[in-house]
Every structure is written in C-alpha cells, then in structure tokens.
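Trainee: Could we go through this two-chain model together, with each answer argued from the coordinates or the record?

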Amino acid sequence: MARRSRLAPSRSFATSLATSFAASLLASVFFLPLDVRSAPAADGPLVVARAMDVNSLDPARAYCDTCQIYLSAVYATLLTLAPDNQTIIPMLAKSWEVSPDVTTFTFHLDPAATFSDGSPVTAQDVKWSLERLKNIKGGPAYLMDSLKSIEAKDPATVVITTETPNSEFLGILAAPYTGIINAKLAAANGANANADAATSDASDTWFLAHSAGAGPFVLESYTADDALRLARNDKYWGKKPGVPGVVLKQTADAVTQAQMLQSGTADIAMQIDPDTAKTVSVPDATFKSVPSFNFVYAAISPAAKGAPVPLTSDVRQAIALALDYKGAIDFTVGGEGKEQSSAIPNGYPGTKDLPAPVTNVEKAKELLAKAGHPDGFAMELEFPAMNVYGVDLSLLAQKVQQDLGKVGIKLSLKPVPFTVWISDINDPGTPFALGFFAPDYFGSAQYVQYFGMLPDMPWANRAGVGKQPGLDGKEQLALYHKALAATDVPAQEAAYRDLALKMIDDKIILPLVSPNLILAYRNDVSGVRYSACCNLPLGEIEKK
Amino acid sequence: MLKVVVRRLLVMPFLLLGIVTATFLLAQFTKGNPLVSIIGARNLDNAEVVAAAKARWGLDRSVPERYAIYVWNLAHGDLGTSFRTKQPVLKDLAQRLPATLELVICAMIVGAAGGIALAIVSAEFQNSLADHAARLLALMGSCLPVFWLGLIALFLFSVQTRLLPGPGRLDIRAVAPPTVTGFMLVDTLLAGNVAGFIDAARHLVLPSLVLGWSVMGIVARMVRASMLDVLGQDYITMARAKGAARLRVLVHHALANALIPALTILGFTFAYLITGSVLVETIFSWPGIGSYAVEAARSLDYPAITGVTILGGLGFLIANLITDVAYAAADPRMREAT
C-alpha cells in the first residue's frame, strides 16, 4: 500500500475543504440579496397584492370586489365612469340618446371597438351579453331587473327598453358586470343567453381559463387562492395599457401586503388598513388615504324575533342618539374615515348637505324613559367576525357596546361567521346587527333597493315594513319611482335627497363609519385611483 | 406483518365512508348559508336568483338525496364541484396538494433533523447550559405562534436584509414552469430552469423554517425524554465500558432506540400538517391545502369541506399505517407481536 506523503492533505481535510467550498458557493448564490439577484424589471407585469374574493370570472356570474377589477380590465362596457366618480362617459358606445320617459335607451357603438380576437363588437353581442346577464340569474342579475327588451337595429345600433322609467340605467351600464362578451366565441364554449340559461349555460368553467372581452387586458391564467394573471390585449382598440401584464397576487394578510410593497415584491397593495399604514415606513412608496363609498352600519330590525323590547321609533332614536359617531371613526380607523348621514353614501345623488348624525346622550335617556325603559334594557348585537374595509367589526361592536352602556342599554356581543350572520338576519331575524356595504355602480337606487323602507326590499322586510308603526313604505316607494322617472339631474337629486331624509328618520340603518381607502403603491407606479364602479381601473396604470 | 398491512388496507374504505358521512352531515347541518359564496349576500333576498342557484348546485334536494348522490359520485372518483372555485374538488386538491407536500416535507426535514440534533445535545449534556439552550429553543418552537414567527421572518429576511424572497412559491413576476408534478422544485428542474429551481428553493426556506421549528419543538422534547431513558440503560453503560466512541454510543446505540416513540409523532405531525399548515400558508401566500380548507369552511363550500376532510382522513390513515410499518421495522419486538 502506498504511503501518503505527510505534506499531502489528508483525505478528510480535502473532503471538508471541498464541502466547505461547495457550501459557500451554494450559500452565496442562495442568500445573495434580492436587489443584486433580480431587481424587478420595469417591463415586467404590475403586481397587485390583495385578498381575493373571486366567485367566478364569468361577467354574468361574478359578483365580488376583485371581480370588479378583473371585469373592468378585460370586458369593456357600453359606458364607464369618469375619474370624478360621477360623470358617465362613452366606452363601447360613442354616443347615446334617452327617451323623454326614460324607458328607451339608444346606443351607437364605436366602429373601432374590437374584441381581443380582432372581431368587431356588434349590437348583437350587446344584446346577447345583457340578455344573458338577466337570464343566468347570477349575482349581478338584479342590474337587469328593469330590462324589457333589447333590439339590435343594425350592427352598430342597439336599443334597450326598460319596463319602467330608469334614470339610473346609464350608471348601471357602466358597472363592470355589464361587460360585453364576444357572443360567438362564448357560445362556442357552452354559453347561452336563453331564458333557461340559469340551468342550461355550462360555460362557468370555460370563463375561469379564458376571456372573451374588448377590454385592455386578456386573461392569461387563474389559480384560485394563488394568482390571477392578465396580459395586455395587443388588439385593444383604445389607449394601450401602460403595463405589459398584471398579476393579482392572493395575499390575505394586510401586514404581508405592506411587507411586499416594502420589499418591491408588489407594486400596489390594496387592503392596507390605516393602522398598518401608520406603522410601516417605505420611502419609495406612496400611501394615499382617499374617501371611499364603502360603509359599515348598525341595523335595527323591529320585526325580528327575540327583540327584548318593542324597538319603536323612540327606542331607535335613542339608540341613534347614544352612538358616538366621531369616536367610532377614531376608535376603528384612527380617524381615517368620515361620518355618513344616510344609507346612501356621501357623494352619491341626493346626499349633498344632509344633516350629520348627532350624539346626545341626555336626549337618548329621555327618549328611553318616554318609551318606558328608564333603566334601559339588555340586547344582543350580532355581527360578522371579520375585518372589512380596514374596520375590525369586533372593535366597532365594543365601541357600540360602550356607547349604549351610557344610556343603560346593556349589549352582549355575538360575533359569528359571515355565512351565519347573513342567514340569521333573514331568519329568525336579528334585532340589532352590524353590517357593511360597497357599491356595484354609481347610482343611489341600489341603496334604496337594499336599505329603503319600501315593500319587498331586504331591510324593509327585516324591519317589518307595513307591519310596524311609522314604516308603511308607501311614501318612500313614491319617492323612489319619482327618482327613477326624473329626467334631469336636479330632479333626481331632489328625489333621492327626500328619500335619504326619510331613511335617516326611520333610524333602521345607522351608518357608523365610512372608512377611507388606503391606496398604497410604489413611486414608480402612476395612475392608481379608486373608482366607484371598477374599484381599481388597471388600464389606466403605468409603470416607469 | 403483511397480514396487518392488508387488514388495514381492507378496513380503510369503511373508515373513509365513516369520515365522509360524519363530515357530510356536519357540513349540511352547520348553521349558515352556502349560497353567499355562489350568488353573493345581496341576492339572498331575490327568490328567483336563489331558486336558480339552488337548482344548479343541487341544494334544492333533500339531505339524504344529496348524501346518496355524493357517495355514488365519490365511488366514481368525483368529489363534486366547489361552490367557490367552480372547479372539480378533485382538481382543486390535486392542484394544491403538491404545494403543501413540498412545504410539509421540507418542514418535516427541518423539524426532524433539528429536533433530533437538539435532543442529542440536550440529553448528552443534561442540565448544562447547552441543555437549557436546546430546551429553550425547542420550547420556543412549540409556543411561538407561527403567524407571528412568519411575519417576523419575512420582515427580517425579506424586507430588511433581503436575503430571502417574500411570499409565494416563485418570484411573482417569473413565468412558472409547465406543471408536471406540481412540485415546484421538480418542475423547474424538469424544465431545465436552474434559476427557477434556485428561486423555488429560496422561497421554500422561510416557510419551511417557520413550520419546521414548531415540529422541531415537539420532536426535540419527545426524543430528549426517551434519550435520557435509554442513556440510563445497562447496555449503554456496557457499550461505554467497552470503550465505544461517545458519538457511536449516542447515535448508534441510544438514538436508534430512542427514535421509536418519535416515529408515531412524526407520522401524525406529517398528516396533520397537510391540512393544518394554514397559518403559514396564509402568511406566505402559499397556495396549498390549508388555505383551501379555511376558505372552504369560511364560505360553507360543502363539496370542498368534505373533499379536504377525506384527504385529511386518508392522510391520517396512511400515516398510521406507515408508522406501524416503520415501528415494526425499527423494533423487532413489534414485528413479533404483529
């Protein structure tokens, strides 16, 4: 056996040297700081971190906040909402006329408009898409409730007739759910607009992997709970989008969203709450607090089973007066929000100069005594155990508990999952609850339809319209019809204002907080804004 | 031994049917309205929309009818369609399982290797500073909430020092390799994408360490206890008396026997983490089974809830079987007993 030289390195020494070298090499590649390895390419896709709530990618079935962003990026609508969040402007329809009785709407399509496969957008596509939206009976089908007929007069002209006057129909047609679909392409993949589409249309799965719109982007891929990827529509007929693609990345946690923005992993973070925004320091990012149309409310249902005392007008007034509205905003969103007078959000038709909610504990006590409850009473407050629009509902419930305690109303808090809450408020009914709401389009009718004390409307049924003193529903119904039949903006505003005042008087829905929205984005990104119809218009965003 | 395995495999379908029945009934009778995730909360008052959704998703049928249909479909390999994702549940699970397995396997390696190393140090240097330090480390792994650890880890290593990437399985802006196995490490290699492989491996580090630390705590404490027990045995004294090297005594004689009780806990921890790594998956935006399960529960997505439970149940049954086989392989007395 050859004897190893004393000067030659031993085998174990050589092995450990080689191992150490390999380990160092691996570690240096592995742990090289991110900046050096791969700085985000300027021509890469825009990354948006948000907690996604997608229930479908089919315009007729999708119904969620993320859906608004997706649909407005991929499916063009006849009309859209201007950046002022109030003016309706052309999109697929370059012009339109409305009949004097506000029941017939004639749209002239832009001849330049094409779908992402290059085929022209025709009146037939419009007719098919809107009829399908109605007949699928999906989440947004209610937008077409008043639809009577659609006629494709020629390839570029479409005439829509509504059953009753509808002064908000133009606003509805700016909602992303009314996006126009390439009928031929979708029909070839199982979609139909027939009267029985609710059961016969089998295209839901197809829409999860394909898109058929005329918007600035096309769907590249979607993996639920992971990412929604969009690519620029190279055949887009309008102004080309400023980014080659967009990735909506599922990021459930607000702190993680902020961290992704800090590290440059994300360009935009969509659900950073005011508290988190105050704790992070990102010199190369902008945190802008803008008013939103979302709000959180307390609801009193006199007709609900289990109300401890009759929730009469005096009792409801007392509850409303006992609440500290400004305090609730400070307590839940650190002052980053505003008071809201009625269930119609600030900035929507009919809300100008409405009286602000008032806190008056002494008056509240007087009213309770007048109602026969000088020592107050005990009641349950049921609410979804979640954080919405940056408002922790548990925290808000504690604030309400504290406020009502001052007038002797002892609240016990009942946090429940959202699916339970929504079931409970309908059956058996919840005397006192917290809820939340975000708009589907720019128009006040949606609020009247949901919160108004009109026959057969959701909260009216829960409150017992027609059965409770002072809640007959007739007056508000007349005002609602008047608003929908209004032929000019002032008349419409006036009718909604009267409705809003009535809704304030009812004290069924007590808006507590309208939280601001935190727009958080890196400084090399521009064009980020909040839209009442479309949430985040991706087509307007640019990246340096 | 083979008889035991065969017997267990034969009983498995019946156990699964029991799991399916219990889960199905629990889900059906849970308070809440699953239609929210299908048509949205605002439409629950619209009778026409509600009726159409119920008919489309079979919710207009009675519970026994739904159960019979479900079991029949299950027998044909159909776990139903998710209310939320609108995709077959089997496809959803197949899409997410590799992501979870990749994470859990790495976490188990971290947890098992780290835990055993800590246990050896702790047992060999009992009551010394090293022992206290190892026990503290193990205790922290068991006690510290993983979501907090995850956020801190991301802040330190991704935001502040930028040594490691943030959430996700791959750079968000990168193009994912074609899905072959669903395991990102494997698929990037199959695609010949070395940079992608390194990126995927780097994305695995933080979630694996965070998840693995909690496993490490359990393993370290259990193995330490049995190591202390084994190190007091006569045969260890004999080995030492015969002049066996310290490391050999520890690893070859003591650890081999001390590991047997840890096998059970490792098996069950693995099965548990397949559906139970939800917090880590949430913080690290990891599209796995845990986050799918939570979203399914949140939206009362019956088919998905039942599908995840079947998968979890199957995981436990298989883990149980493997543990028993491993037990028998490690301990001759068990082989004889079975």
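The dialogue below takes up each chain, the contact between the chains and one helix pair.

Mentor: This is a predicted model, in which local features need pLDDT of at least 70, side-chain atom pairs count only at pLDDT 80 or more, and totals for chains, interfaces and linings use all residues. Residues are numbered from 1 along each chain as its sequence is written, while chains are lettered from A and ligands numbered from 1 in the order in which they are written.

Trainee: What percentage of the residues in chain A is buried?

Mentor: A residue counts as buried if 20 or more other C-beta atoms, placed from the backbone, lie within 10 Å of its own. Chain A has 544 residues, and the buried share is 55%.

Trainee: Which UniProt domain covers residues 87-451 of chain A?

Mentor: In residues 87-451 of chain A, helix accounts for 29% and strand for 24% (DSSP runs: helices H or I of at least four residues, strands E of at least two, numbered from the N terminus). UniProt annotations may be inferred rather than shown by experiment. In an unreviewed entry, UniProt lists this span as "domain: Solute-binding protein family".

Trainee: Which UniProt domain covers residues 97-323 of chain B?

Mentor: Residues 97-323 of chain B are 79% helix and 0% strand, with end C-alpha atoms 21 Å apart. The unreviewed UniProt entry annotates this span as "domain: ABC transmembrane type-1".

Trainee: How do the residues of the side of chain B that touches chain A divide by class?

Mentor: With contact taken as C-beta atoms, placed from the backbone, within 7 Å, 51 residues of chain B meet 51 residues of chain A. Elements of chain B that give two or more residues to this side include α3 (47-57), α7 (146-160) and α9 (194-231). Ala, Val, Leu, Ile, Met, Phe, Trp, Tyr, Cys and Pro count as nonpolar, Asp, Glu, Lys and Arg as charged, and the others, Gly among them, as polar. The division is 22 nonpolar, 16 polar and 13 charged.

Trainee: Why are α1(B) and α14(B) described as roughly parallel or roughly antiparallel?

Mentor: Helix α1 (residues 2-29) and helix α14 (residues 302-330) of chain B pack with axes 9 Å apart and at about 155° (axes are lines fitted to C-alpha atoms over the stretch in contact; angles run from 0 to 180 degrees between N-to-C directions). Angles under 35 degrees count as roughly parallel and those over 145 as roughly antiparallel. The pair α1(B) and α14(B) is therefore roughly antiparallel.

Definitions and conventions: Two residues are in contact if their C-beta atoms, placed from the backbone, lie within 7 Å. A residue is buried if 20 or more other C-beta atoms lie within 10 Å of its own, exposed if 12 or fewer, and partly exposed in between; C-beta atoms are placed from the backbone. Angles under 35 degrees count as roughly parallel, over 145 as roughly antiparallel, 65 to 115 as roughly perpendicular and the rest as oblique.
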